[in-house]
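Work through the exercises below with the sequence and the model open. Try each task before reading its solution.

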Amino acid sequence: MHIDHIAIWTNDLEQLKDFYVQYFGCTGSERYENPQKQFSSYFLSFQDGARIEIMKRSDITKPLDDLRTGLAHFALVVGTADEVDRLTAFFEKQGVTIEGYPRTTGDGCYESVILDPDGNRIELTAHNH
């Protein structure tokens with residue numbers, strides 16, 4: 001088994017699509033529209049086949065608050081610890097919010113945390129090998 005995709009609600013499909021295409025090299029699908037349900041979406045594919053589905057519906061507009069159960073973050077393996085450092089500095093220069101600067105966590109992972117335009121947490125991690 002493997003995860004096929006995660007799904008994220010957004011109020012700005014184009015902004016979120018552009019973020020993942022520009023910074024993570026995702027390929028965007030054609031925009032899907034269902035006027036009857038007032039629903040639209042894109043699938044964003046990474047090179048390894050993993051995907052993010054970003055979705056918009058007219059009746060889903062409020063962001064989730066910080067103190068809740070559910071998805072806390074997703075992690076992308078970017079390579080080495082040096083690559084985590086390089087990308088974190090790059091994102092900071094691009095004006096992307098850095099939620100957590102590079103560090104080794106208590107469980108031995110080397111990571112930083114950035115926020116996408118909607119405030120979703122993305123861990124940039126090094127291989128743990």
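Two exercises follow, one on the fold and one on a pocket.

This is a predicted model: local features need pLDDT of at least 70, side-chain atom pairs count only at pLDDT 80 or more, and totals for chains, interfaces and linings use all residues. Residues are numbered from 1 along each chain as its sequence is written, and side-chain values use heavy atoms, with hydrogens and water left out.

**Exercise 1.** List the secondary structure elements of the protein in order, then judge its compactness.

Solution.
- Step 1: Count the elements. The protein has two helices and nine strands (DSSP runs: H or I of at least four residues, E of at least two, numbered from the N terminus).
- Step 2: Put them in order. From the N terminus the elements read β-α-β-β-β-β-β-α-β-β-β.
- Step 3: Check the radius of gyration. The value is 15 Å, close to the 14 Å of the globule rule for 129 residues, so the protein is as compact as a globular protein of that length. The radius is taken over C-alpha atoms; the rule is 2.2 Å times the number of residues to the power 0.38.

**Exercise 2.** Describe the lining of the second largest pocket by element and by class.

Solution.
- Step 1: Start at the centre. Of 19 lining residues, Phe46, Asp48, Ala50, Ala75 and Leu76 lie nearest the centre of the second largest pocket. A pocket is an open set of points on a 1 Å grid over the protein atoms alone, where a 1.4 Å probe fits, with protein on both sides within 12 Å along at least five of seven lines; lining residues have an atom within 4 Å of a point.
- Step 2: Assign elements. β1 (5–9), β5 (51–57), β6 (74–79) and α2 (81–93) each supply at least two lining residues. β6 gives the largest share, five residues.
- Step 3: Sort by class. The lining has 12 nonpolar, three polar and four charged residues.

Definitions and conventions:
Nonpolar A, V, L, I, M, F, W, Y, C, P; charged D, E, K, R; others polar.
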